[in-house]
Amino acid sequence: MRPYVALSSALACACFALVAEAGAIYPIDRADFLAGSRFDFKVEFDSVVPSDRIRVTVNGTDYVQTFGKAGQYVPNEDGTNASSLIVRDVSLAKPGRYLIEATDGERSQRVVWDVYGTGPRKAKNVILFIGDGMSVANRTAARILSKGISEGKYYGALSFDDMPHMALIGTSGVDSIITDSANSMSAYTTGHKSSVNALGVYVSRAKDNLQHPKVETLTELIKRKTRMAVGIVTDAEIEDATPAGMFAHTRRRADKEIITEQLFLSGADVILGGGSAYFLPQATAGSKRKDTNDYISLFQRVGFKLATTDAEMKSAAANPQTTKLLGLFHPENMDGALDRHVLKKGTVPQFPDQPDLADMTRAALDVLSRNKEGFVLMVEAGIIDKFNHPLDWERSVYDTIMLSNAVQVAKDFAGKRNDTLIIVTPDHTHGVSIVGTIDDGKPGTEMRDKIGVYSEAGFPNYPKPDSDGYPPSVDVSKRLAMFYGNFPDYYETFRPHLEGPNVPAVKKGNDYVANEQYKSAPGATLRIGNLPRAADTGTHTADDAILTAIGPGSEAFHGFMENVEVFHVIVDTLGLGPERSVKAPAPLRAPAKAKEKVAASAAEH
Ligand SMILES: [Zn+2]
C-alpha cells in the first residue's frame with residue numbers, strides 16, 4: 001500500500017483529515033503530467049468490495065464520463081484479499097487541476113493531479129545527453145585531465161561547461177530517496193515519478209511485471225503524435241535501464257528479453273549500443289534469449305541497416321539512403337574510453353573496433369537529420385556509472401571526457417541553426433570527491449602519507465592529452481586523490497587499475513568481502529565498508545544532479561527542479577501538448593511473446 005503523503009493542494013488538505021486511509025490511486029497524488037498523454041488509471045481498494053458500491057469521480061464527475069470508458073473491476077487481485085479498478089490507456093485533454101475521489105462505500109481516498117498543456121513548438125530537434133551517475137567530481141576530474149590546470153586556473157572547459165542554462169535536479173523516486181537509472185530515466189521520459197527498477201509504470205500491487213499502470217513514454221508520444229524520428233544511443237547494453245526508459249514498460253528493468261521486444265515495437269529509428277546478446281535466438285552462441293526470436297533479422301526485415309563495428313556504422317551512416325540504423329557493437333556493455341584508447345584491457349582485444357560515443361552521436365545525427373520533421377535523440381554515457389560503482393574513478397573520468405566529446409558533436413550540429421535544444425544531465429549521482437593528490441615522491445611508509453591535502457596537494461602531473469582530450473597515461477607519479485564515500489569492504493590501492501576494471505568486493509556466502517586480488521598491491525590498505533554487507537559496490541546517492549542546456553527552450557532550466565520537470569521542458573519545447581491530426585504509421589506486429597520474468601536482483605542499478 002502506498003501511504004498518503006502530504007497533499008499539496010489546499011483543497012485536498014482541507015478534506016484530508018476526514019478521510020480514512022485506504023488503498024492507492026495511480027497516477028499518484030501530486031502527479032503533474034502532460035495533457036493528452038496516455039496513462040493507465042488504477043484505484044486499489046484494501047478489501048474485496050461489491051463493485052456496485054464503488055464510486056470514482058474526476059472533479060465530481062463519474063470517471064466513465066471523463067475517460068470515455070468503463071474500467072475493469074478486479075476482485076481478489078493476484079490472489080489477495082484486495083480489489084482494484086483499472087482503466088487502461090486514457091488521457092485528459094484539458095490542462096487544469098483534477099481531484100480524483102474513490103470510495104467503496106465505507107472508506108475513501110483522493111488524489112490531486114496537475115495537468116499541463118504546452119505552447120507552440122519552439123525547436124525542431126531535442127538532444128538529451130545522460131551522463132549516467134555523473135557526479136560533480138567526475139566533471140571536475142575530466143576537466144583537470146583533459147584540459148589541465150595550474151595556478152588555480154583551467155586551460156579549458158568541457159563542452160557542457162559553458163552552456164547558458166543550468167539547474168540542480170532532484171532525482172528521488174516514489175518509493176525511495178535513492179533512485180536507480182530506470183526510475184530516474186522514466187521521470188525524464190514520461191514526466192511521472194516511478195520506483196526503483198521500474199520503467200514507464202507506477203509500481204502497484206500487481207504481481208505481473210507487465211500489469212502495473214503504464215504511463216506514456218517520450219518515444220510513444222513522438223511516434224503517436226508526429227512524424228519525427230527517434231534515436232537511442234548508449235555505450236551500455238541497449239536494453240539497459242537508461243535507453244529502455246525511452247520506450248519500455250515493466251516493473252523490472254532486468255526483463256531484458258521483453259525490453260528488446262518493446263524496443264522493436266517502439267518505432268525508434270536509430271539504435272546504437274551494446275547488448276547484442278538479447279537480439280540473438282537462444283540457439284545462437286552467446287545468446288541470452290530463452291526463445292527463438294531473431295531480433296537482428298526482424299529489425300533488418302523492417303528496413304534497418306545493421307552495423308557491428310565502428311567502420312560499419314560510419315559507412316552505413318554515410319549512405320544517404322540510410323534512415324534506420326541498428327548498431328550493436330558488443331554482446332554486453334561496451335568497453336570504456338580508458339580501456340579502448342589507452343590500456344587495451346577489458347574486452348577490447350575481443351572487440352577492437354567499438355565506436356566512441358562521439359562517433360555514435362555523429363552517426364545518429366547524420367541519419368536522424370534526414371527526417372525533415374525533426375528528431376529526438378537520447379545519448380547515454382552509461383559507463384560513467386558502471387565504473388563509479390566499482391570505485392574505478394579513472395575509468396569513469398575518461399568516459400566523462402568521452403561524453404564531453406559527444407556533446408561537442410551535438411553542439412557543432414546545432415551550431416547557429418537555433419532549432420535544436422541540447423540537454424546534458426546525470427540521472428543520479430555517486431558519492432565521489434577529489435580531496436587532493438597522491439605523490440609517490442613524498443616520504444612515508446604508508447600510501448596515506450603520500451596524500452597531499454590543502455597546500456600539500458599542489459597539482460597533478462598527467463601528461464598532455466591527445467587530440468580527443470584523453471591523457472595517454474593515468475599511471476603518473478602525482479595523481480588525483482579521488483575517493484568514494486560509500487563502499488563495501490575493499491582494498492584501496494591508491495593507484496589506477498591498469499590490469500582491468502576494478503572488482504572491489506567478491507561474494508562469500510551471503511556477504512561481499514574485500515577482493516583479495518588487490519591485497520598484495522604495493523601499499524594496498526583494507527577499507528572496512530560503510531554499506532550493508534550485501535552491497536557489492538558503491539551505491540547511488542541522493543545528491544542533486546547538475547543539468548546544463550543550450551538552445552531554444554533551455555531558458556526554462558534554472559534553480560532547483562524535479563527530474564520530472566525535464567520532461568515538461570522537452571514536451572513544451574516540442575509543443576507536444578495540443579492534439580495534432582498527424583497520421584502515425586501503422587504499428588509493427590510483435591513476434592512470439594518473450595518468456596522471461598525476472599525477479600528483483602541486487603545487480604539492478
Ligand atoms: Zn548505477
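Let's start at a single threonine: setting aside neighbours within four places in sequence, T322 is in contact with K305, A316, V367 and R370. T322 belongs to the loop that runs from helix 9 (310-318) to strand 17 (325-328). Is this loop residue buried or exposed? T322 is buried, since its relative accessible area is 1%, and the cut-off for burial is anything under 20%. Bear in mind as we go that this is a predicted model.

Now step back to the whole chain. There are 14 helices and 30 strands to find your way around. The C-alpha trace spans about 80 × 55 × 50 Å along its principal axes. How does the radius of gyration fit with a compact globule? A compact globule of 605 residues would come out near 25 Å, and the chain has 25 Å, so the two agree. Of those 605 residues, 57% count as buried. Contacts tell you about the fold too: taking those with a separation of 6 or more, 71% are between residues 24 or more positions apart.

On the outside, the accessible surface comes to about 23,500 Å², and carbon and sulfur atoms hold 52% of that. As for charge, the chain carries 67 positive and 75 negative side chains, with the centres of the two sets 4 Å apart.

The chain is divided into three stretches: domain 1 (23-116), domain 2 (125-431) and domain 3 (433-540). The C-alpha centres of domain 1 and domain 2 sit 34 Å apart. Where these two domains meet, 23 residues of domain 1 are in contact with 18 residues of domain 2.

Go to domain 1 for a couple of backbone details. Y26 and P27 are joined by a cis peptide bond, with omega about -5°. You'll find P27 in the loop between strand 1 (24-26) and strand 2 (32-34). Further along, N76 has a positive phi of about 45°, although it is not a glycine. N76 is in the loop between strand 6 (72-74) and strand 7 (83-90), and counts as partly exposed because its relative accessibility is 40%.

Next comes P120, in the loop between strand 9 (108-116) and strand 10 (125-131). This proline is exposed, given its relative accessible area of 68%. P120 and I149 are 29 residues apart along the chain, yet 44 Å separates their C-alpha atoms. And what does P120 touch, once neighbours within four places in sequence are left aside? The answer is D572 and G575.

Those two partners take us to helix 14. Helix 14 covers residues 564-573, and seven of its ten residues are buried, so the rest of the structure largely encloses it. The buried set is V564, V566, F567, V569, I570, V571 and T573. An α-helix has 3.6 residues a turn, so residues three or four places apart point the same way. Just after helix 14, G575 takes a positive phi of about 60°.

Back in domain 2, have a look at D392. D392 sits in the loop between helix 12 (383-388) and helix 13 (393-414). At 0% relative accessibility, D392 counts as buried. Which residues surround this aspartate, apart from neighbours within four places in sequence? D392 is in contact with F387, Y484, H497, G500, P501 and N502.

One of those partners is Y484, and strand 23 (478-484) takes us into two loops worth comparing. The loop between strand 22 (451-452) and strand 23 holds Y454. Y454 is a residue other than glycine with a positive phi, near 45°, and is exposed because its relative accessible area is 78%.

On the other side of strand 23, the loop leading to strand 24 (490-492) holds P488. P488 is buried, with a relative accessible area of 2%. Not counting residues up to four places away in sequence, P488 touches A505, R527, G529, L531, A535, D536, T537 and G538. For a last distance, P488 and K386 are 102 residues apart in sequence, and their C-alpha atoms are 16 Å apart in space. So the walk ends with a buried proline, having begun with a buried threonine.

Conventions
Residues numbered from 1 in each chain as written. Predicted model: local features only at pLDDT ≥ 70, side-chain atom pairs only at ≥ 80, totals over all residues. Heavy atoms only, no water. Helix = DSSP H or I, 4+ residues; strand = E, 2+ residues; numbered from the N terminus. Rg over C-alpha atoms; globule rule 2.2 N^0.38 Å. Buried < 20%, exposed > 50% of the residue type's maximum accessible area, 1.4 Å probe, protein only. Contact = heavy atoms within 4.5 Å. Areas by Shrake-Rupley, 256 points an atom, 1.4 Å probe, with all protein chains shown as cover. Lys, Arg positive; Asp, Glu negative; His and termini not counted. Charge placed at Lys NZ, Arg CZ, Asp CG, Glu CD. Domains from an automatic or database assignment.
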